[in-house]
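Here's a small set of exercises to work through with the structure open beside you. Try each task on your own before reading the solution.

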Amino acid sequence: MTRDGRQTPSQAVRRERTRSQGESRQRRTPDERPPGGWRRPGVPVDWARSTTAHLGSVYPFQVDAGVGDRGPLIGSNVTGGFAGFFFDPFELYQSGVLTNPNMIVMGSVGFGKSATVKAFLRRLVAVYGADRFLAVIDPKGEYAPLAGDLGLSVVKLHPGGSQHLNPMDDPGGLTDDGVLARQTLASGLVAGALGRPLNPLEDAVLGWAVERACQERTAFTLPDLAAGVLDPPDELVRLSRHSPLELARATAPVSFALDKLCARTLRGMFDQPTNVRVDWTGGPGVVLDLSAVHHQPDALPLVMVAATHWLSTALRAQRRPAVQVIDEAWAAIRHGAAWFQASLKLSRTYGVATVLVCHRPADLTAQADDGTTAAKIAAGLLSDIQTRVLFRQPPEQVAAAADLFDLTERQRDWLGQLVRGRALWQLGTTRAAVVHTVLTDNERRLFDTDERMRAPGVGDAA
Ligand SMILES: Nc1ncnc2c1ncn2[C@@H]1O[C@H](COP(=O)(O)OP(=O)(O)OP(=O)(O)O)[C@@H](O)[C@H]1O
Ligand SMILES: [Mg+2]
């Protein structure tokens, strides 16, 4: 083209030649021999011209317009001609591609979920610097190299340790919101410790104790709450239509559960006032390392619930857009699906994008006892998660995943075949792409979780 938009003579000749060739091919019938006498193999198809916009709707996985080039580069768009794939939930929210910034990353063990999340976090810092705050719940203790690289604070919690977080810290904001959040957390923790849902009377006494503690003190802890349950006010005794002794008997399981949480499960981690220092205003972020309880299947879910609660509360008070990663999220969802659902809904209010990392569809529904409730919980959570990053699923999980994420036939086939580092990204309801996360050499070293598998002696056998 010339500067004023006219064709150069050679462009005009090429275009005319292509047009006349196309027309002569269109006019030919399937059996007609082309000039030169040879016959084309296969099924003859008429030539047609189209734009990439039209082709994109007919062949969504051969031609993909992508989602722009704002945000960090994640890797290459395998189904979009291997173009660069850029992603930032806040940018895509602004441009209207997404209506919420939350993400779920799901897939089999070892296929690269955490590596993709770590690359995303690291590159967010490269692109936005101090304009993004990063927060990670790290149940396996594998984010330390990334934390070292980015200068994130690491809070390592362990039973009887010296660093404490108080999950009953005041979330600020609306008072009712703060009371409700702490009531939901208290009943989630107590139900988890009891291994069953609370009955209405237990729930009322616990809820009342939280409300009273919120009114009477600026800060209170789980042991304060346990004392409140043991000593219900006269008004509550009257309302319950029980004698004080009967009420104490009926709510004894709640007291025992709180005692168990403070004396064992959460001891020395979540039973005292918060004493860790995190630079919420200027620092790059924080990692909560929970690896000390990772191998305790009963304690881990409760520790995760307390940790995610504390972190979300703290994030609400800080002013920058924040990305909160909850790795091994199944453990937290087990006793906190209701709370998660409420928390995901507030993501836009507080500018927090939550990234849940889990293995299979059932991780979203592990606490439900029947299929209908399970489906409702999963649908409730997913309704507030518009970015779904799906790594390979084992054959027996593909159908469930296809149902849950409403996959097309082709996407469903891919889900069982994706190689390590490659995932199907669903963005909102209309965009999808298979993306290969490309790691730099430095990132391969920082994100390596297979080190032990390559230890001396492994693979040495003759
Ligand atoms: N895109 C990639 N390119 C190269 N190596 C990768 C890629 N993704 C992951 N890996 C490597 O594969 C190994 C497993 O990755 P990762 O720990 O992210 O898996 P995961 O899905 O989180 O596993 P788990 O379910 O056990 O948490 C790591 O050593 C990582 O460095
Ligand atoms: Mg992982």
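**Exercise 1. Work out how far helix α4 reaches in this predicted model, and whether that span fits the expected one.**

Start by counting: α4 has 16 residues. Next, go from its first C-alpha to its last, which gives a reach of 22 Å. At 1.5 Å a residue you'd expect 22 Å, so the span is close to what it should be. Finally, look just past the end of the helix: Gly-129 takes a positive phi of about 55 degrees there.

**Exercise 2. Decide whether α4 is largely enclosed or not, and say what it packs on.**

Use the cut-off of 20 or more other C-beta atoms within 10 Å for a buried residue. Twelve of the 16 residues of α4 pass, so the helix is largely enclosed by the rest of the structure. Among the buried ones are Lys-113, Ser-114, Ala-115, Phe-120, Leu-121 and Val-125. For scale, 40% of the 462 residues of the protein count as buried.

Now for the packing. The protein has 18 helices and eleven strands, and there's an open sheet of eleven strands in the order β2-β1-β11-β10-β9-β3-β8-β7-β4-β6-β5, with mixed pairing. Its edge strands are β2 (83-86) and β5 (153-156), each pairing on one side only. On average, neighbouring strands of the sheet are turned by 25 degrees against each other, direction ignored. Helix α4 (residues 113-128) packs on this sheet, and the strands touched include β1, β3, β8 and β11. The direction of α4 makes about 160 degrees with that of β8. Helix α12 (residues 299-316) packs on the sheet too, touching β4, β6, β7 and β8, and its direction makes about 170 degrees with that of β4.

**Exercise 3. Find the partners of strand β3 and the way its side chains point.**

Take one partner at a time. β3 (residues 103-106) pairs with β9 (residues 387-390) in the parallel sense over four bridges. Here Met-103 stands opposite Thr-387, and Met-106 has Leu-390 as its bridge partner. Another four bridges join β3 to β8, again running parallel. On that side, Met-103 is partnered by Val-355, while Ile-104 stands opposite Leu-356.

Then check the side chains. In a regular strand they alternate between the two faces of the sheet. In β3, Met-103 and Val-105 point one way, Ile-104 and Met-106 the other, and all are buried.

**Exercise 4. Is β8 mostly covered or mostly open?**

Count first: seven of its seven residues are buried, so call β8 mostly covered. Next, sort them by direction. Val-352, Thr-354, Leu-356 and Cys-358 point one way, with Ala-353, Val-355 and Val-357 pointing the other way. Last, look at another pairing: β7 and β8 pair in the parallel sense over five bridges, with Ala-322 opposite Val-352.

**Exercise 5. Describe the shell around ligand 1.**

Begin with the head count: 17 residues surround ligand 1, and Gly-112, Ser-114, Ala-115, Gly-421 and Thr-449 come nearest. Then ask which elements they come from. Both α4 and α18 (441-447) supply at least two residues each, and the largest share, three residues, comes from α4. Sorted by class, the shell has five nonpolar, seven polar and five charged residues.

**Exercise 6. Place Leu-206 and explain why it counts as buried.**

Leu-206 lies in helix α7 (residues 200-216). It has 25 C-beta neighbours inside 10 Å, which is why Leu-206 counts as buried. Setting aside neighbours within four places in sequence, Leu-206 is in contact with Ala-186, Ser-187, Val-190, Leu-198, Val-229 and Val-254. For a look across the chain, try Pro-232: it's 26 residues away from Leu-206 in sequence, and their C-alpha atoms are separated by 9.4 Å.

To finish, step back to the whole protein. Among contacts between residues at least 6 apart in sequence, 71% join residues at least 24 apart.

Terms used
Residues numbered from 1 in each chain as written. Chains lettered and ligands numbered in written order. Predicted model: local features only at pLDDT ≥ 70, side-chain atom pairs only at ≥ 80, totals over all residues. Contact = placed C-beta atoms within 7 Å. Pairing = 2+ DSSP bridges. Axes fitted to C-alpha atoms, helices over the stretch in contact; angles between N-to-C directions. Near = placed C-beta within 6 Å. Nonpolar A, V, L, I, M, F, W, Y, C, P; charged D, E, K, R; others polar.
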